[in-house]
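Hi,

Here is the model we talked about, with some notes on its cysteines underneath. Have a look when you get a minute.

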Amino acid sequence: MSKSQRRGFLPAVALATALVVVVAGAPAASATAKPKIEISGGLTQPVFSYEDAIREYVRVQSPVDSDGDGKKDLVRVDIIRPKETGSGLKVPVIMHQSPYFDEPGVGFGLDHKKYDADGNLTKFPLFYDNYFVPRGYAFVSVDMIGTRLSDGCPTSGGPSDVLGGKAVIDWLNGRATAYDAKGAPVKAAWTTGRTGMIGHSYEGSLTMGVAGTGVRGLETIVPLAAPSSWYEMWRANGTLTDFKGGQEWLAERVDADPDEKCAVVHQRMTAASDDATGDYNAYWHELDYRTGPISKVRNVRASVFSVVGTQDRNVTADQFSTWWAGLPRGVQRKVWVTQYGHLDPFWARRDVWVNTLHQWFDHELMGVSNDIMRQPRADVQLGPDRWITQADWPAPTRTTTLRPQQDGSLGRTPSTGTGSYLETSQTETAMAGDPGTTDPHRLAYLTPPLNNAMRLSGTPSVSLRVKLDRPTANLGVMLVDYGQDTRIHGVDPSQGQGLKLIDDEDCVGESTADDDGCYQRAADNTVTSGFQVVARGIMDAQNHRSLSHPTPLTPGKSYQITWSMLPQDYEFKAGHRLGLVLTGTNADVTVAETGTGTKVTVDLAGTSVSLPLVAGTSGGR
């Protein structure tokens, strides 16, 4: 789900007794013995035939009627599992629920499903089936309600999207009804019920939404670049960050049915989302997986392995950080924090990713005793090909407050005087470039060159004392790294999200004629540049007290407005300068084309930025 397309387009438990594990070093099995799940070096081994695996589908009855036709929606579930599960072997499940199997396709390569004459899949998108089925897992590919071969209407993160996925988990654990290809009720007798969900973007959001229902049997989730609040997919503190009608657009985008089928549902979505004000309301609360009525982060039981791109313009990093901070303390977790955009790490760091994911699923779903939970919880990317590990995220920090000075510098003590600019819409390159040049549409303040490297880890905040000559303005702020360096480039959706494809390919797992599991490789896309925008924040001034109830400002009156910027983990190198740029409408982030035209006067004595800084620097690996 890329914005370029929009604008152009707990610890492991014992396994069921039926699961037999063969540990490396045990006596060799006879030539006629059926394969059992085999473990060596803390990892399951590929001893099951992928080509001979059972391929089937069921339709799970959900608890919702999203299209209002008087019948509960049936959810299409495509299944591939080792043939030995047909004769008593019970296996855990990896589940991928997606709205994208029709349009635009799944993953970086926009994969699609292929079917045989009986309606069973001959090609499952992505590599999960190729890799994990030979190792003793079942893989289920779920058409989200309203998409592909499932009933109903998609609702862009709404309750039916979530509850359809929950119904599949319930069926896998004997609590819901499903029907086979002939319409007969069927049970998932072949599984232990232990399920892990994985997905990218919208798919990843579904993993968070389902986990937040507290459904039993969902043991782990792996959300990749996933929104936890659909309000924040389209809004930032009252500002509209994508085009109007986005919720309806997305629902229509993933729905291949005739437009008239779900027209009323989608029109209601547009009306309820209230693009005219950008305010948070009851509709958005229902689509909030942190505190909403359907899904709450406090109800999560499943362990979490999350990936976030701190330069993701599509699903911003606060979608991860706020949800992560709200997880119950007892929830086991792991995270990768990258400098990429909206990416699945399969493309960014494939070998490490597949091995880590393998260990994670083995531990959480198979109960394999490996060291995944003894490894550092967080992998953090500090630059091109430069990764570190640490005990948690964010790193331990101390808060340093910097204040703009009349001479254009950033210092520790409050200054006097004011600065002003006319609020308009500009690109980040225009706003951050040439900071020493006077620009009527921004104010820029810089530290002296840094004597030592300085690492930001966590969520900065900004506090502005301002007067406006109109009732509101879009207040923007950016932290900028000034200094020549080689950096990750092209995090914009149209430029590869920070990666470039290279002339190399590898195959992950086993293959068949229709499903080879082979993918092109990618590498960091870099550029040598004089500056980079590190973190950003924007606020509709009239929403500074409440996102639900705007309060227009009285022109000429002074207001103190404080808010959190987007989280980041970034190292400012020695010799570089940290810049604070006060701006208006960010043309790279918001939908407004012209800004408000408001004159913003900033009282320097009441203006500051607070930075969570790690003492010293950290070595890469």
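**The disulfides**

C153 and C262 are joined by a disulfide, with an S to S distance of 2.0 Å. Those two sit in distant parts of the chain, 109 residues apart: C153 is in the loop between β9 (138–143) and α3 (159–172), and C262 is in the loop between α6 (246–254) and α7 (263–273). Keep in mind that this is a predicted model.

Which hand does this disulfide of C153 and C262 have? Left, because the torsion about its S-S bond is about -90°. As for exposure, C153 has a relative accessible area of 0%, so it is buried. C262 comes out at 1% and counts as buried too.

The structure holds 2 disulfides, so let me turn to C507 and C518, which also form one. Their sulfur atoms are 1.8 Å apart. Here the pair links strand β27 (residues 499–507), which holds C507, to strand β28 (residues 518–524), which holds C518. The two cysteines are 11 residues apart.

The torsion about the S-S bond of C507 and C518 is about 95°, so this disulfide is right-handed. And are its two ends buried or exposed? C507 is partly exposed, at 46% relative accessible area. C518 has 19%, and since buried means under 20%, C518 is buried.

If you want the connectivity in short form, number the bonded cysteines in sequence order and the pairing reads 1-2, 3-4.

Cheers

Definitions and conventions: Residues numbered from 1 in each chain as written. Predicted model: local features only at pLDDT ≥ 70, side-chain atom pairs only at ≥ 80, totals over all residues. Heavy atoms only, no water. Disulfide = S-S within 2.5 Å. Helix = DSSP H or I, 4+ residues; strand = E, 2+ residues; numbered from the N terminus. Buried < 20%, exposed > 50% of the residue type's maximum accessible area, 1.4 Å probe, protein only.
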